[in-house]
Amino acid sequence: MFSAFRRWRRQRSADRKAVPPEQWDAVERSLPFLDFLPPEDRPRLRRMALEFLADKQVHGAEGVLITDTLLLSIALQACLPILNIGLDAYADWVGIIVYPGDFVIPRQFADEDGVVHEYEDEVLGEAWEGGPVLLSWFEGENPFDGINVVIHEFAHKLDMGNGEVDGYPSLPAHLSASDWARAFQPAFDDFCARVDRGEDTALDPYAAENPGEFFAVLSEAFFETPCLLKSEYPAVYQQLSRYFGQDPAEREAQFSRSTRPPPPSLL
């Protein structure tokens, strides 16, 4: 009953919002990977972004000004992975906190002797189970090429859907947990071995941290550089394509073919 009321409330709120087409276009131009969506999916993504903003509370930290551009950009990126999953995948929390660039989180841990160590961890984002998503925001061009903080952290939120952040999100009925493991575990082992050898990997080496980071980084790649991911780990790409209900590599390949220069003519 509550979830139905919540959906009705966010739909009603979205109905009241009017975003000019030129504003959508300006924000989307800063997110070129959205071109990998089929054209008919763009209006659905925009609508979901408005409902997402009706359902969440976005706050600026350390002087960040929450502008319409910032809101729409975050919402579009957050909703892209769940376009065919649904907003209820993000239903157990409401807060998003935006920082001006990377930020520091105090940490502590106890070693095997029971001694507590404290340190400061510099991060670009963090997702808390049952709590907010923390995001860095950079005005202008993202200085971290190939890294999508928003998709990364929201992938962690999906991973938390069945509890622990372990690279195994709550899978829909048409996906097999054993097929998922058969695709992801060998890929993770291979990637870790490549990073350990010092290989300059095309995918972000942070993926080797643990299975949860592997899922989040490869989710970034699935949307940002889908053909690269498909060529590196095709079985993982197939599982993510079935999970997200999208095939961005096909659209990226179409773009590559359409922009390829014609062969030189023979005289």
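The following dialogue discusses how to read several features of a predicted model.

Colleague: What does the secondary structure of the chain come to, and what percentage of its residues is buried?

Modeller: The chain is predicted to hold 10 helices and 6 strands. Of its 267 residues, 44% are buried. As for contacts with a sequence separation of 6 or more, 63% of them are between residues 24 or more positions apart.

Colleague: How should one read the nonpolar core, and which residues touch the most other members?

Modeller: The general idea is that nonpolar side chains in soluble globular proteins tend to be buried together. In this model, the largest nonpolar core has 69 residues, and Phe52, Phe154, Leu218 and Leu240 touch the most other members. Helix H7 gives the most to this core, namely 8 residues.

Colleague: Which residues are in contact with leucine 218, leaving aside its neighbours within four places in sequence?

Modeller: Under that condition, leucine 218 is in contact with Leu203, Ala207, Leu229, Val236 and Leu240. Two of these names, Val236 and Leu240, recur among the buried residues of helix H9, which spans residues 234-244. The buried residues of H9 also include Tyr237, Gln239, Ser241, Tyr243 and Phe244. Just after H9, glycine 245 takes a positive phi of about 70 degrees.

Colleague: Which residue other than glycine has a positive phi, and where is its place?

Modeller: Glutamate 62 has a phi near 55 degrees. Its place is in the loop between strand S1 (57-60) and helix H4 (68-79). Glutamate 62 counts as exposed because its relative accessibility is 63%, and the cut-off for that class is over 50%.

Colleague: How is empty space inside a model found, and how many cavities of 30 Å³ or more does the count come to?

Modeller: In general, rolling a probe the size of a water molecule over the atoms shows where empty space is left. Here the count comes to 1 cavity of 30 Å³ or more. The largest cavity has a volume of about 70 Å³.

Colleague: Which residues line the largest cavity?

Modeller: The lining consists of Asp166, Gly167, Tyr168, Phe184, Gln185, Phe188, Pro211 and Phe214. Helix H6 (177-196) and helix H7 (211-224) are the elements that give two or more residues to it. The largest share, 3 residues, comes from H6. By class, the lining has 5 nonpolar, 2 polar and 1 charged residues.

Colleague: What lies in the loop between H6 and H7?

Modeller: One residue there is glutamate 199. Since its relative accessibility is 34%, glutamate 199 counts as partly exposed. Its side chain makes a polar contact of 2.9 Å with the side chain of arginine 194. A polar contact of 3.5 Å also joins the side chains of glutamate 199 and arginine 197.

Colleague: Is asparagine 148 buried or exposed?

Modeller: Asparagine 148 counts as buried because its relative accessibility is 3%, where the cut-off is under 20%. Its place is in the loop between strand S6 (133-137) and helix H5 (149-159).

Colleague: Which residues does asparagine 148 touch, not counting residues up to four places away in sequence?

Modeller: Asparagine 148 touches Phe33, Gln77, Glu220 and Glu224. With glutamate 224, the side chain of asparagine 148 makes a side-chain polar contact of 2.9 Å.

How values were computed. Residues numbered from 1 in each chain as written. Predicted model: local features only at pLDDT ≥ 70, side-chain atom pairs only at ≥ 80, totals over all residues. Heavy atoms only, no water. 1 Å grid on protein atoms, 1.4 Å probe; cavity = no way out; pocket = protein on both sides within 12 Å on 5 of 7 lines; lining within 4 Å. Points joined across faces, edges and corners; volume = space filled by probe spheres on them. Helix = DSSP H or I, 4+ residues; strand = E, 2+ residues; numbered from the N terminus. Nonpolar A, V, L, I, M, F, W, Y, C, P; charged D, E, K, R; others polar. Buried < 20%, exposed > 50% of the residue type's maximum accessible area, 1.4 Å probe, protein only. Polar contact = N/O pair within 3.5 Å; in protein donor to acceptor, adjacent residues only side chain to side chain. Core = buried A, V, L, I, M, F, W, Y, C linked by side-chain atoms within 4.5 Å. Contact = heavy atoms within 4.5 Å.
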